[in-house]
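Dear colleague,

I am handing over the structure below, and I would be grateful if you could look through it before reading on.

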Amino acid sequence: MREPWIDFGKSLGILLVVVGHNPYVWLQHPEVYKIILSFHVPLFFSLSGATLNPEESLKSVFGRAASLIWVYVACALLSLPLVAGRGDAANASLFDLLLGILYGTGHTMHPGPLWFLPALALCLIFTWAVLQCFRLYLVGRSARRFACIAVFGLLVATLGTFAVSQFGFLITDSFGWGSCRSSGCFWSFDLVLVGSGFVIFGYALKAIFAANSDLASFRALFVIGVTFASSYLYFSPSVDIDSRRMIPLGGAVVVAALGVAFVFSLLKTIPVKNRIFLAIGSATLPVLASHQFIQKKVLIILSGDFNGAGFFEFVISVFCAVFVATVFNVLIAKKRVVGQIVFYPREFCFWRRFFNKGCVR
């Protein structure tokens, strides 16, 4: 059963993604862009952790992971005609483009934000395996025990940031479509510890909020918000997880964790049942796959180029990116066979039979 607060959290998260990827923001308001990048990807990892159940079978977790990879591959392949017409991919062969999709980082394929899906798939499997080691420890489900799990998750994420900084998989501006050199590991495997740490953190944070109602209050929301702002000003982190940049290593994790905690507190303090936000939250995958193309096209149509875009053009481009994908999700992806095959593969009979869940028609 879907939890409304998680869908609301996904709607906030995807809105941050859309705004952060808008050229108006990263060209004209770099500090806003920097704040968003400091925690928006960890937020999605943590929200996925909030829906993770360590008691479910490995086969079920593999099914969830496989569906993410399915969506990633399907959307990347469907975008090939658009990519082939781009100036920066005009000289790339079809083999290079397919190789980039196979390798699956945000710098070897298009749309770039889809890198998150195979990375999350690997993180879910790794996190499930880690949580199996805590099965006995989780008995009783006290807030103190889950606080220890949350700290453990942040330590794992910190270790991951250190490992990435040592491996040297740094992104350069010299890569081409399909080029794997200096673009991170296959399916962003080098980010598994970072992502899994926040998946674990989100899993524990949900339990902590459930066990302590005082955290779902305006006073707690204010305290966490002030702490997040203070830590951001103190550490001034430079974060772009897709580009393997998380500086300073420990400080970036602290800021991201406080940003995630603030959003969780906001979701619990101000429960939202607005259908529009819930619809946006359930349309996360279509928005993720299409928002860059839509909002950039809208900006070019309205202002001619990114540098000439103003606040009005920014608002219209963000609205169009979210609105088009959400309407598509409601009218087509969830109700038409083609849309379901791409974005909701686990709803199909063949998938259910494969994972022994029966067939619901």
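What follows is a short account of its empty spaces, one helix and one loop residue.

Please keep in mind that this is a predicted model, in which local features need pLDDT of at least 70 and side-chain atom pairs count only at pLDDT 80 or more, while totals for chains, interfaces and linings use all residues. Residues are numbered from 1 along each chain as its sequence is written, and side-chain values use heavy atoms, with hydrogens and water left out.

To begin with the enclosed space, a search of the whole structure finds two cavities of 30 Å³ or more; on a 1 Å grid over the protein atoms alone, a cavity is a set of points where a 1.4 Å probe fits but cannot get out, whereas a pocket is an open set with protein on both sides within 12 Å along at least five of seven lines, and lining residues have an atom within 4 Å of a point. The largest cavity holds about 70 Å³ of space, a volume being the space filled by probe spheres set on the points, which are joined across faces, edges and corners. Its lining includes Ser38, Thr161, Val194, Phe198 and Met246, and the elements that give two or more residues to this lining are H10 and helix H12 (249-269); helices here are DSSP runs (H or I, at least four residues), numbered from the N terminus. H12 gives the most, with three residues.

Helix H10 (residues 192-211) has 20 residues, which at 1.5 Å a residue should span 28 Å, and its end C-alpha atoms are indeed 28 Å apart; the expected span is 1.5 Å times one less than the number of residues. Of the 20 residues of H10, 16 are buried, where buried means under 20% relative accessible area (1.4 Å probe, protein chains only).

Turning to the open space, the second largest pocket holds about 390 Å³ and is lined by 20 residues, of which Cys75, Leu78, Ala289, Ser290 and Phe343 lie nearest its centre. Helices H5 (58-78), H14 (284-303), H15 (311-333) and H16 (337-343) each supply at least two residues of that lining, and H14 gives the most, with five.

Finally, His107 lies in the loop between helix H7 (94-103) and helix H8 (116-132), and at 12% relative accessibility His107 counts as buried. A polar contact of 3.2 Å joins the side chains of His107 and Asp242; such a contact is a pair of N or O atoms within 3.5 Å, and within protein one must be able to donate a hydrogen and the other to accept it, with residues adjacent in sequence counting only if both atoms are side-chain atoms.

With kind regards

Conventions
Buried means under 20% relative accessible area, exposed over 50%, partly exposed in between (1.4 Å probe, protein chains only).
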